[in-house]
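Please open the model in your viewer and keep the selection panel at hand. The tour moves from one selection to the next, with a note on what is found at each stop.

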Amino acid sequence: MAGISILQFSDAVKVFHSQPPNLRTKMRVAGRAIPLAHVDVYCMRPIELQDLTFTEYFTRYELRDDAMQGFQDASRRVMGPGGEGVKDGRGKRLYWRCPNTPVRFSTYNPATQTEGFAYNLLLKTIPFHNESELLSAANSSNSYYE
């Protein structure tokens, strides 16, 4: 062997796309519904988690359908105050993400992709309920960089 360390994970890397709205595209697969953007999924998070930023939310939690409930570790289920499992706005259950799961978000070069870079800085630092909250009313250019 060349003495090169090899990383091994039992979990796949979880990738969350966080493009600004003007750069966002969606893949259309025949016979399937168009998936929601990750930002839209974040905006439908449970009321108990409204103070988390986009990156905190997806780094800490994962969402599962009720049909997948039997395949999940019950000890990882996020429980609400009444002892019920917490669900998002679409009815998906929240689970604590395994601590060593690698999570990645879209990355942008600040020198050449300033709009995407600035947008992702906002996602990391500001909790919001609607994407329009990220733009100030005084922002005449409708740019996340301004």
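Which residues lie nearest the centre of the largest pocket, and how many residues line it? Keep in mind that you are looking at a predicted model. Select F16, P35, L36, H38 and V41, for these are the residues that lie nearest the centre, within a lining of 31 residues. The space in this largest pocket comes to about 920 Å³.

Next, colour the secondary-structure elements around the pocket. At least two lining residues come from each of β1 (14-16), α1 (38-43) and β2, and β2 gives the most, with four residues. If you then colour the lining by residue class, you will find 15 nonpolar, five polar and eleven charged residues.

Stay with β2, which covers residues 61-64, and select E62 together with its charged partners. E62 forms a salt bridge with R76, in which the closest N and O atoms are 2.8 Å apart. This pair links distant parts of the chain, since E62 sits in strand β2 whereas R76 belongs to the loop between β2 and β3, 14 residues apart. A second salt bridge joins E62 to R64, with 3.0 Å between the closest N and O atoms.

Are these partners buried or partly exposed? E62 counts as buried because its relative accessibility is 10%, under the 20% cut-off for that class. R76 is likewise buried, with a relative accessible area of 18%, while R64, at 27%, counts as partly exposed.

Now move to D88 and R90, whose side chains meet in a salt bridge with an N to O distance of 3.4 Å. D88 counts as buried at 7% relative accessibility, whereas R90, at 36%, counts as partly exposed. Returning to the earlier selection, add R97 to E62, R64 and R76, as salt bridges that share partners join these four residues into one network. Across the structure there are five salt bridges, among them the E62–R64 pair, the E62–R76 pair and the D88–R90 pair.

For the last stop, select T101, which is found in the loop between β3 (93-96) and β4 (103-105). Display C98 as well, and follow the side chain of T101 to the backbone oxygen of C98, which it reaches at 3.0 Å. T101 counts as buried because its relative accessibility is 10%, which again falls under 20%.

Key
Residues numbered from 1 in each chain as written. Predicted model: local features only at pLDDT ≥ 70, side-chain atom pairs only at ≥ 80, totals over all residues. Heavy atoms only, no water. Buried < 20%, exposed > 50% of the residue type's maximum accessible area, 1.4 Å probe, protein only. Polar contact = N/O pair within 3.5 Å; in protein donor to acceptor, adjacent residues only side chain to side chain. 1 Å grid on protein atoms, 1.4 Å probe; cavity = no way out; pocket = protein on both sides within 12 Å on 5 of 7 lines; lining within 4 Å. Points joined across faces, edges and corners; volume = space filled by probe spheres on them. Nonpolar A, V, L, I, M, F, W, Y, C, P; charged D, E, K, R; others polar.
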